[in-house]
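Trainee: I would like to learn how to read a model of this kind with some care, beginning with the overall make-up and then going down to single residues. Could you take me through it?

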Amino acid sequence: MSEQGVTGAAATPDTNDIDSTDPVGRLDRLPVGPWHRRLTAIVGIGAFFDLYEVFLGGVLAAALAESWQLSGTEKSWLIASGFLGMFVGANVLSVLADRFGRRKMFLVNLGMYSLFSLACAFAQDATQLSVLRFLAGLGLGAELVLVDTYLAEFLPRKVRGRYIAWAYTLGFVGVPVAALLGARLVAKHELFGVDGWRWLLVAGALGAAFIQLLRTRLPESPRWLASQGRTAEADAVVRGIEERVGVTTEAAAPVVPAPRSETPEPAAAKVPLGQMFKAPYARRTVMWWIFQILQTVGYYGFGSLAPVVLQAKGHTVTESLSYAALSYLGYPVGSALSVPLIDRIERRTLIILSALGIAAFGLVFGFAEASWLIVGAGFLLTVSSNVFSNAFHVYQTEIFPTGMRSSAIGIAYSLSRLTSVVLPFIAIDVLEDLGADAVFIGSGVLMLVLCLNVRLLGPRTTGRSLESI
């Protein structure tokens, strides 16, 4: 897909419409069609690799515990090392995305992940594997930040929530497949003379390389180009999209004018990163930093620790991975369930309701002994998790302006990864000393604090243009 579109005839300004010379305004009034769906699919499938890495940490810790005689600390590092890399990568690559563009960083991040994930497959001990997982995490750190930012800046506001939710649904369909595949590969121990767990790393590397190849055809974000003062380039990209969806600048449908209280700010203005600590963004920044620290415990805590928790309950490695894989079926189901809800229910409210679901089903999972109840509670927890996840991924793109959107989201998101580094060391100690029920009681309390934080400090965003929030 070329970044340069065919230049159409100049439009006659209409006082009732968004100025036809404003490329950002024209994005919101484009009819939604196959071009938007292809963009959403290519960008969204990359989200799979983020959760794949979360899943992989727990699998490696469980699968290698006996053969490599791992200590509790070594198991924690196998889980935490990828998150530590993501913490660094989220801070660096997301800031670079605001400076050099979303498209360039898309190519850098998956390229790094693919290279080092492949290198992980050749690791000979826990130290080598942890170091290489850290380097793979560096590349993956900004993946979800870029997915959210890029899609939000292209999609018309009337479908922004639904299409980002569909993007994650596509990505998460692969997670239970990968988990079931992982259980089989680990159970068989070897395939073609190579350890099963090594094939999981090779699969991740090759899959990421394929998605990166598709992304070389993506255009740069017109909103980012406009924020850099490169209006002519932004206009060329938008005209190319207009041509592909079958409209001219003059034919684009008018947008209903925003209420006076929601008058948009100029999209082309550069925003210093320090503005995130000044009104009106300081309150949102504090709210989102607290949110990202707390959501990690409920969302990523289950994905990364479930196999280890099930082992601690007395299940074998194969049983633990199989139960976890069945629970992970809830990821695509929850993501798909969020699609009809996300633009109908205020984003802030949907986050709170789904977070309460995570807390409740997490408690059931922690106390459950029967296999059917473990799988059922795990499934409902992951359903709630992805309604929650899709709602907050859309929400975070809406509360910061274009000029600092990637940086502000990325810095906050990196805190979730830092929490993920610390979490295995605390959770595994609590698990060994106090049991699975204590782990999930603590998680439930923190999710309640998260709900209060969002309700008290978070703005309403559903149905409003990015420039008016």
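Mentor: The protein chain of this predicted model holds 18 helices and two strands. Of its 469 residues, 59% count as buried, and among the contacts with a separation of 6 or more, 85% are between residues 24 or more positions apart.

Trainee: How should I read the packing of two helices, and at what angle do α15 and α18 pack?

Mentor: Two packed helices are described by the angle between their axes and the distance between the axes. Here helix α15 (residues 347-367) and helix α18 (residues 436-457) pack at about 170°, and their axes are 8 Å apart. Since angles over 145 degrees count as roughly antiparallel, α15 is roughly antiparallel to α18. On the α15 side the contact includes I351, I352, A355 and L356, while F440, I441, M447 and L450 are among the residues that α18 contributes. Sorted by class, this contact has 17 nonpolar, three polar and three charged residues.

Trainee: What are the corresponding values for α4 and α17?

Mentor: Helix α4 (residues 72-100) packs with helix α17 (residues 405-434) at an angle of about 175°, with 8 Å between the axes, and that makes α4 roughly antiparallel to α17. The contact between α4 and α17 has 18 nonpolar, nine polar and three charged residues.

Trainee: How do I check the length of a helix, and how many residues of α16 are buried?

Mentor: For the length, one sets the span expected at 1.5 Å a residue against the distance between the end C-alpha atoms; for α16, with 28 residues (371-398), the expected span is 40 Å and the ends are 41 Å apart, which agrees. As for burial, 22 of the 28 residues of α16 are buried, so the helix is largely enclosed by the rest of the structure.

Trainee: Which residues touch the most other members of the largest nonpolar core?

Mentor: In soluble globular proteins, nonpolar side chains tend to be buried together. In this model the largest nonpolar core has 128 residues, and L129, I351, F388 and L450 touch the most other members. Helix α12 (residues 281-312) supplies the largest share of this core, twelve residues. L450 is a useful residue to follow: leaving aside neighbours within four places in sequence, L450 is in contact with F291, L294, Q295, I351, A355 and F388.

Trainee: Is F134 buried, partly exposed or exposed, and what does F134 touch?

Mentor: F134, which is found in helix α6 (residues 126-140), has a relative accessibility of 24% and therefore counts as partly exposed. Not counting residues up to four places away in sequence, F134 touches S81, G82, L84, G85 and V88. The C-alpha atoms of F134 and A80 are 8.5 Å apart in space, although the two residues are 54 apart in sequence.

Trainee: What should I look for in the backbone of the loops, and where is the cis peptide bond?

Mentor: Omega and phi are the angles to read here. A279 and P280 are joined by a cis peptide bond, with omega about 0°, and P280 lies in the loop between α11 (231-245) and α12. In the loop between α3 (47-67) and α4 is Q69, whose phi is near 50°, a positive value in a residue other than glycine. Q69 is exposed, with a relative accessible area of 69%.

Notes
Residues numbered from 1 in each chain as written. Predicted model: local features only at pLDDT ≥ 70, side-chain atom pairs only at ≥ 80, totals over all residues. Heavy atoms only, no water. Helix = DSSP H or I, 4+ residues; strand = E, 2+ residues; numbered from the N terminus. Expected span 1.5 Å × (residues − 1). Buried < 20%, exposed > 50% of the residue type's maximum accessible area, 1.4 Å probe, protein only. Axes fitted to C-alpha atoms, helices over the stretch in contact; angles between N-to-C directions. Parallel < 35°, antiparallel > 145°, perpendicular 65-115°, else oblique. Contact = heavy atoms within 4.5 Å. Nonpolar A, V, L, I, M, F, W, Y, C, P; charged D, E, K, R; others polar. Core = buried A, V, L, I, M, F, W, Y, C linked by side-chain atoms within 4.5 Å.
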